[in-house]
Amino acid sequence: GDLNLTTPASGNPMIHLVGAGAGTTIIDPQGLSRAFYVDAGRSAAIEGVTIRNGYVLNTSGGGVFNAGTLTVSDSVITGNEAAKGGGISTVGALTLTSTVISLNRAPVEGGGIYGFASSLTLTDCWLSGNTAMGGYAAGISMTIGSVVVDRTTISGNSTSGWAGGILLTNSNLVVRSSTISGNHAQSDGGGLDISGPSSVANIYS
């Protein structure tokens with residue numbers, strides 16, 4: 001089953017999971033479950049690992065589900081699948097740094113990352129080869145939240161619906177010094193699909 005990082009009994013202690021490097025430390029549930037569940041109120045940091053082959057049916061977060069405060073750095077999240085958020089699903093605060101999100105699948109929404117009422121920050125990351133076939137938002141989907149994309153490449157993601165790169169619904173987006181290129185949507189928004197009356201997108205450099 002999942003590696004569950006549960007709500008602390010008191011205070012706000014941090015759990016650090018530090019691997020020997022993404023090429024060496026592999027966390028692989030072999031399609032039997034997701035890899036990590038971070039509970040509400042839990043602060044955690046995951047560094048230097050590969051998370052692959054997580055799978056959950058009719059729910060969110062194939063590799064990781066985050067309801068707390070999670071930082072992932074120097075890692076690879078690949079080959080995971082869930083209905084929403086094939087790689088990662090977050091309803092908390094999620095920060096990704098120097099991390100690759102690749103080849104994840106979501107038949108409903110958010111091949112790479114799915115967020116709802118949450119904050120998402122990506123710095124020096126790479127999102128590629130994620131798919132949402134039969135759904136939408138191959139790269140990132142955020143609803144009623146905020147996304148900051150900094151020095152990050154979002155490329156080669158594909159959906160049979162809309163939003164090949166990023167889908168923003170009633171959310172805020174800031175993109176700085178990044179590349180969104182070569183994504184595909186059979187419907188609207190090959191690179192970006194920004195919808196909802198309260199959505200605001202600011203794109204720089």
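**Parallel strands and two threonines**

Let me start with one pair of residues: valine 147 sits opposite leucine 173, which is in S22. This is a predicted model, so please keep that in mind throughout. The two strands behind that pair are S18, residues 146-150, and S22, residues 172-176, and they are joined in the parallel sense by five bridges. As background, strands in a sheet pair through hydrogen bonds of the backbone, in either a parallel or an antiparallel way.

Where do S18 and S22 belong? They are part of an open sheet of eight strands, with parallel pairing, in the order S2-S5-S8-S11-S14-S18-S22-S26. The edges are strand S2 (14-18) and strand S26 (200-204); each has a single partner strand, so one side of each has no neighbour in the sheet. On average, and ignoring direction, neighbouring strands in this sheet are turned by 5° against each other.

Now to the first threonine. Threonine 152 lies in the loop between S18 and strand S19 (153-155). Is threonine 152 buried or exposed? Its relative accessibility is 1%, and buried means under 20%, so threonine 152 counts as buried. Its side chain has two polar contacts to backbone atoms that I want to point out. One goes to the backbone nitrogen of cysteine 125, at 3.1 Å. Another goes to the backbone oxygen of aspartate 150, at 3.0 Å. Leaving aside residues up to four places away in sequence, threonine 152 touches a run of residues from Leu122 to Leu127, namely Leu122, Thr123, Asp124, Cys125, Trp126 and Leu127, and also Ser177, Ser178 and Thr179.

Thr123 in that list is the second threonine. Threonine 123 belongs to strand S14, residues 119-123. Threonine 123 is buried too, with a relative accessible area of 17%. Its C-alpha atom is separated by 5.8 Å from that of arginine 151, although the two residues are 28 apart along the chain. With residues up to four places away again left out, threonine 123 touches Leu96, Thr97, Ser98, Asp150, Arg151 and Thr152.

Last, some other parallel pairs. Strand S10, residues 88-90, runs parallel to strand S13, residues 113-116, and three bridges join them. Which residue in S13 is the bridge partner of threonine 90? That partner is glycine 115. S13 also pairs with strand S17, residues 140-143, in the parallel sense and over four bridges. Here tyrosine 114 stands opposite serine 141 of S17.

Methods: Residues numbered from 1 in each chain as written. Predicted model: local features only at pLDDT ≥ 70, side-chain atom pairs only at ≥ 80, totals over all residues. Heavy atoms only, no water. Pairing = 2+ DSSP bridges. Axes fitted to C-alpha atoms, helices over the stretch in contact; angles between N-to-C directions. Buried < 20%, exposed > 50% of the residue type's maximum accessible area, 1.4 Å probe, protein only. Polar contact = N/O pair within 3.5 Å; in protein donor to acceptor, adjacent residues only side chain to side chain. Contact = heavy atoms within 4.5 Å.
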